Amino acid sequence: MYHARSLIGNNNTKSTQLSLMFKITNMKKIFHLFVIAAFSFVQSATGQGSPEEVLDSKPTFKHALGMHAGAVTGLGFSYRYAPKKWGIQVTGIPIFNAGNIFASTAASVQYKFKSHDKVDLFTYVGVHNIYERSEYYYGYYEPFDGYDAVYTNNTLTAGFGAGLNIHLLEVIQLSVQAGYGLYDLSGSISTNLTGEIGVYYRF
């Protein structure tokens with residue numbers, strides 16, 4: 001460093017070369033620090049042992065209750081049970097308004113293959129059924145020349161994908177999922193991408 005300073009001012013070409021070498025040296029140091037930091041993060045994320053050892057070393061939360069919204073994994077109140085890597089989720093809600101009904105029921109199976117203190121990575125497969133019933137009344141003069149019309153619909157959706165369980169707090173978990181779904185299996189089948197999100201309290 002001092003040798004480089006003594007050369008500055010003697011020759012412009014040498015000064016430029018030394019400045020370039022200085023920048024390259026600093027870039028190498030920054031790169032090495034980045035590699036070390038990334039390696040440390042990977043080590044902390046993957047742990048020193050197997051995934052089973054990482055799962056065993058964490059506090060055990062087998063149950064979770066929360067709210068969930070997803071095309072494949074359902075809408076409404078949700079319960080999860082995951083004693084180890086395999087887990088199940090059931091989600092549903094009934095909504096009644098006079099003669100109108102909306103009901104969502106869903107079930108899914110999850111497999112956790114990466115676990116960390118702050119986030120878990122998992123895959124899932126699920127099925128979701130939506131039942132709708134609506135009553136309409138048509139006519140100018142009630143009730144003489146009017147008539148009741150009832151609309152009902154059952155929509156069955158299935159799909160699969162991957163998700164992240166983000167541990168906001170030790171017992172509060174945000175679940176974000178994305179995948180591929182088959183819509184309206186009992187009618188006109190269509191396919192599309194799916195998205196799911198939920199917030200859970202673990203115990």
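Surface patches are here made of residues with over 30% relative accessible area and no salt bridge, nonpolar side chains being joined within 5 Å. In the predicted model, W86, I88, V109, V125, F160, Y180, L182, L185, I189 and L193 form a nonpolar patch of this kind on the surface, and together these residues have about 960 Å² of accessible area. Two or more residues of the nonpolar patch are given by each of the elements β3 (86-97) and β7 (172-183). Another member of the patch, V125, is located in strand β5, which comprises residues 119-138. Because its relative accessibility is 46%, V125 counts as partly exposed.

Strand pairing was examined for β7 and for the strands associated with β8. Strands β7 and β8 are paired in the antiparallel sense over 12 bridges, and within this part of the model V176 stands opposite I197 of β8. The hairpin that β7 and β8 form has 6 residues between the strands, and D184 takes a positive phi near 55 degrees there. Strand β8 (residues 190-202) also pairs with strand β1 (residues 63-70), again in the antiparallel sense, over 7 bridges, and H68 is found opposite G198 in β8.

The surroundings of Q110, a residue of strand β4 (residues 100-115), were considered next. Q110 has a relative accessible area of 8% and is therefore buried. Its side chain is joined to that of Q89 by a polar contact of 3.0 Å. When residues up to four places away in sequence are not counted, Q110 touches R80, K85, W86, G87, Q89, F122, T123 and Y124; among these contacts is W86, which is also a member of the nonpolar patch.

A search of the whole structure for salt bridges finds 2. One of them is between the side chains of D120 and K112, with an N to O distance of 3.8 Å, and both D120 and K112 are buried. A salt bridge also links the side chains of R133 and E135, for which the N to O distance is 3.0 Å. R133 is classed as partly exposed because its relative accessibility is 22%, a value to be read against the limit of under 20% that defines a buried residue. E135, with a relative accessible area of 43%, is likewise partly exposed.

Conventions
Residues are numbered from 1 along each chain as its sequence is written. This is a predicted model: local features need pLDDT of at least 70, side-chain atom pairs count only at pLDDT 80 or more; totals for chains, interfaces and linings use all residues. Side-chain values use heavy atoms; hydrogens and water are left out. Patches are made of residues with over 30% relative accessible area and no salt bridge: like charges are joined within 9 Å, nonpolar side chains (Val, Leu, Ile, Met, Phe, Trp, Tyr) within 5 Å. Accessible areas come from the Shrake-Rupley method with a 1.4 Å probe; for residues, only the protein chains shown count as cover. A salt bridge is a side-chain nitrogen of Lys or Arg within 4 Å of a carboxyl oxygen of Asp or Glu. Helices (H or I, at least four residues) and strands (E, at least two) are DSSP runs, numbered from the N terminus. Buried means under 20% relative accessible area, exposed over 50%, partly exposed in between (1.4 Å probe, protein chains only). A polar contact is a pair of N or O atoms within 3.5 Å; within protein, one must be able to donate a hydrogen and the other to accept it, and residues adjacent in sequence count only if both atoms are side-chain atoms. Contact means heavy atoms within 4.5 Å. Two strands pair if DSSP finds at least two bridges between them.
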